[in-house]
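Hi everyone, thanks for making time today. I'd like to walk you through one fold, and we'll go from the sheet to the helices around it.

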Amino acid sequence: MAAKSYTAVLAGKYGVGKTSIFRRLMYDKYTEEEETTKTSAGNSGLEKYIYTTCVGDDATPVELTLWDTGGQECHDSMTCNYYRWCDAAILVYDTSDLISLTSLHNWGKMAQTYSNLKENIVIFLWGNKADVVTDCDSARNGDIALQALMSEFNIPPSLHFIVSAKTGANVRTAFDSLVRDVHSRRSCAGNSLIAPEEEENELITVPENQVNAGSGENSQCSC
């Protein structure tokens, strides 16, 4: 049976642990974000990994192509082009950093704007650093911001995961859930988005008024 192919991209504020999650899935080991970002920067800032698994009672083989921007959001046209053919966007925040959560509004909007699926792109919400203790006030404010974001992008609780790239807690569970959900949706709606070869390298230019929206001090656009 031929494998079904889907694509997802990790997005979020610099330093939340996107690359650490990516590397945890790839190698089942923890690498500090600073180290992984430096490695990615030397490789144009983008990394790709193909996660292979099986889903459903008939054990349908599935290949999930996962793109990680490695914190190099300044490559706006390049990064936004990967949204274009994505079946899903994984919005990642730091559970101990409220700003990283509230800033995800911009990345979610970019995903909906530049994906060919528009508002039908599947948006997952993952909170990283579950191993970090958060004080009560921060947790309370975080819950308010979390509910607002989930409401804005119609993210059900089943698509929200708290993970730890450091300990590995819930990382593989989150990815397996993503694969099952995307496969189910695409099977009902038709095949996943496959970029035609002649358009594969066509880059999207981001309007100037969207550059710098919601990014951290180490990044230069909201892709």
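Let me start with a term we'll need at the end: an angle of 65 to 115 degrees between two directions counts as roughly perpendicular. And please keep in mind that what you see is a predicted model.

Now, the sheet. Six strands make up an open sheet with mixed pairing, and their order is β2-β3-β1-β4-β5-β6. The edges belong to β2 (47-55) and β6 (160-162); each has a single partner strand, so one side of each is left without a neighbour in the sheet. On average, neighbouring strands are turned by 25° against each other, ignoring direction.

Let's zoom in on one pair. Strand β1, residues 4-11, runs parallel to β3, residues 60-68, and seven bridges link them. If you want a spot to click on, Val-9 sits opposite Trp-67 of β3.

Next, the helices. Helix α1, residues 18-27, packs on the sheet and touches β1, β2, β3, β4 and β5. Its direction makes about 50° with that of β2. Helix α7, residues 171-189, also packs on the sheet, touching β1, β2, β3, β4, β5 and β6. The direction of α7 makes about 175° with that of β5.

So how do α1 and α7 cross? Their axes come within 10 Å and cross at roughly 90°. By the range I gave at the start, α1 and α7 are therefore roughly perpendicular to each other. Where they meet, α1 brings Ile-21, Arg-24 and Leu-25, while α7 brings Val-171, Arg-172 and Phe-175. By class, that contact has four nonpolar, no polar and two charged residues.

Thanks, and I'm happy to take questions!

Conventions
Residues numbered from 1 in each chain as written. Predicted model: local features only at pLDDT ≥ 70, side-chain atom pairs only at ≥ 80, totals over all residues. Heavy atoms only, no water. Pairing = 2+ DSSP bridges. Helix = DSSP H or I, 4+ residues; strand = E, 2+ residues; numbered from the N terminus. Axes fitted to C-alpha atoms, helices over the stretch in contact; angles between N-to-C directions. Contact = heavy atoms within 4.5 Å. Parallel < 35°, antiparallel > 145°, perpendicular 65-115°, else oblique. Nonpolar A, V, L, I, M, F, W, Y, C, P; charged D, E, K, R; others polar.
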